[in-house]
Amino acid sequence: MGSAVTDPAQERLRRWRLVLGGDAADGTGCALSGQDAAMDGALAALYGKGDKAQSGKDRSAGLGASVPSVARWLGDIRTYFPSSVVQVMQRDAIDRLGLSTLLLEPEMLEAVEADVHLVGTLLSLNKAMPETTKETARAVVRKVVEDLEKRLASRTRATLTGALDRSARVSRPRRHDIDWNRTIAANLKHYVPEHRTVVPERLIGYGRASQSVKKDIVLCIDQSGSMAASVVYASVFGAVLASMRSISTRLVVFDTAVVDLTDQLDDPVDVLFGTQLGGGTDINRALAYCQSQISRPAETVVVLISDLYEGGIRDEMLKRVAAMKASGVQFVTLLALSDEGAPAYDREHAAALAALGAPAFACTPDLFPEVMAAAIEKRPLPIPDAA
């Protein structure tokens with residue numbers, strides 16, 4: 001038999017002991033010491049059940065009411081757990097133990113592991129945030145935004161540049177502009193067996209996008225509380241799109257009111273702090289504004305990002321979508337733009353939009369460039385199977 005660290009049976013008991021929390025009924029009979037005991041304490045502070053074990057030890061959950069005690073706990077979990085687990089535990093602490101108000105303290109913000117969900121929480125607290133905390137909060141948000149831009153910007157620009165090139169088809173392409181996949185498919189009947197090749201009679205190609213504006217993109221973002229992560233990602237993508245000369249980008253956020261944040265797109269942090277998460281929803285009013293800004297319908301892509309819980313006039317909303325599509329607008333409906341998949345959403349409205357040719361689906365940030373490329377090229381959208 002090996003030691004408790006290397007013995008597989010003992011290791012399983014140790015892990016189950018950490019999961020179950022050490023109550024008398026956990027059945028492991030495993031005692032913890034050293035770092036394991038410290039990890040157990042950090043977990044118990046957040047996930048303890050609030051009852052007393054038969055050993056007489058207090059198993060109640062809680063991190064205490066003071067910023068120092070919470071900051072110490074945040075330091076502990078960053079010591080014992082990987083970053084991805086720390087982010088989950090922070091999120092659970094905010095939800096389970098009501099720590100949102102403590103995020104208004106600079107000391108707390110300096111101790112947390114920043115991620116998209118934390119940014120969403122900070123934005124929801126923006127109006128209540130004291131001046132002493134705002135600069136620290138902006139620094140936290142900026143770090144997350146810069147990390148997202150590094151991850152997403154290059155691929156987005158490359159994918160959309162290719163889509164813009166391909167959207168300008170020409171009948172007599174230059175050699176470097178021939179679309180070989182489409183050319184071969186169109187000339188398969190001219191296959192010469194003895195040479196094992198296709199002799200194309202008709203070339204299919206595309207012209208290169210010039211520096212002039214080729215497409216207009218309108219991002220229309222629901223800023224109700226459930227859409228926090230989508231607002232963060234959409235703001236970053238909006239800034240990336242706005243940096244491309246061949247695309248004119250407009251970013252609109254809405255609840256029961258509509259706010260155009262296009263003039264702030266050079267800094268997505270300013271965009272995010274210009275939002276106001278929470279409140280009602282009036283999709284119809286938002287789409288009415290977006291519709292009023294469209295001057296080139298055939299060259300416009302409108303992206304509605306919303307869970308579709310409409311507080312406005314449902315029939316008018318659907319009529320607007322139908323009218324935009326009839327005029328040549330490419331209309332994309334995303335239930336979410338995040339890594340979490342589809343949230344709760346209004347299935348009746350989603351079905352009605354699908355009937356109009358605007359199917360609603362959840363989109364991950366990694367898939368978003370492909371969705372936009374398909375919309376620009378006016379081809380079927382790459383809708384995930386699980387949508």
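Here are legends for a few close-up views of this predicted model.

**View 1. The whole chain, before we zoom in.**
Start by getting your bearings: the protein chain is built with 14 helices and ten strands. Of its 387 residues, 47% are buried. Now look at who touches whom: among contacts with a separation of 6 or more, 72% are between residues 24 or more positions apart. As for the outside, the accessible surface adds up to about 19,000 Å², and carbon and sulfur atoms own 51% of that.

**View 2. R142 and D267 link up across the sequence.**
Searching the whole structure turns up 13 salt bridges, and here we zoom in on the one between the side chains of R142 and D267, with an N to O distance of 3.0 Å. Which parts of the chain does this pair tie together? R142 sits in helix α7 (residues 131–167), while D267 sits in the loop between β7 (258–260) and α10 (268–273), so the salt bridge connects parts that are 125 residues apart in sequence. Are the two partners buried or exposed? R142 is partly exposed, because its relative accessibility is 31%. D267 has just 16%, so it counts as buried, the cut-off being under 20%.

**View 3. D282 holds on to R285.**
In this close-up, D282 and R285 make a salt bridge, and their closest N and O atoms are 3.9 Å apart. That still qualifies, because the limit is within 4 Å. D282 is buried, at 14% relative accessible area, whereas R285 is partly exposed, at 47%.

**View 4. R379 pairs with E377, and three other residues team up.**
The side chains of R379 and E377 meet in a salt bridge, N to O, at 3.4 Å. R379 is partly exposed with 35% relative accessibility, but E377 is buried with 17%. Elsewhere, which residues are joined into one network? R314, D315 and E348 are, through salt bridges that share partners.

**View 5. A nonpolar patch on the surface.**
Time to leave the charges behind. Four side chains to look for here are W180, I184, L188 and L203, which form a nonpolar patch on the surface. Together they offer about 380 Å² of accessible area. Where does L203 sit? Look in the loop between β3 (197–198) and β4 (205–206). L203 has a relative accessible area of 34%, so it counts as partly exposed. That value also lets L203 join a patch, because patch residues need over 30%.

Terms used. Residues numbered from 1 in each chain as written. Predicted model: local features only at pLDDT ≥ 70, side-chain atom pairs only at ≥ 80, totals over all residues. Heavy atoms only, no water. Helix = DSSP H or I, 4+ residues; strand = E, 2+ residues; numbered from the N terminus. Buried < 20%, exposed > 50% of the residue type's maximum accessible area, 1.4 Å probe, protein only. Patch = residues over 30% accessible without salt bridge, like charges linked within 9 Å, V, L, I, M, F, W, Y side chains within 5 Å. Areas by Shrake-Rupley, 256 points an atom, 1.4 Å probe, with all protein chains shown as cover. Contact = heavy atoms within 4.5 Å.
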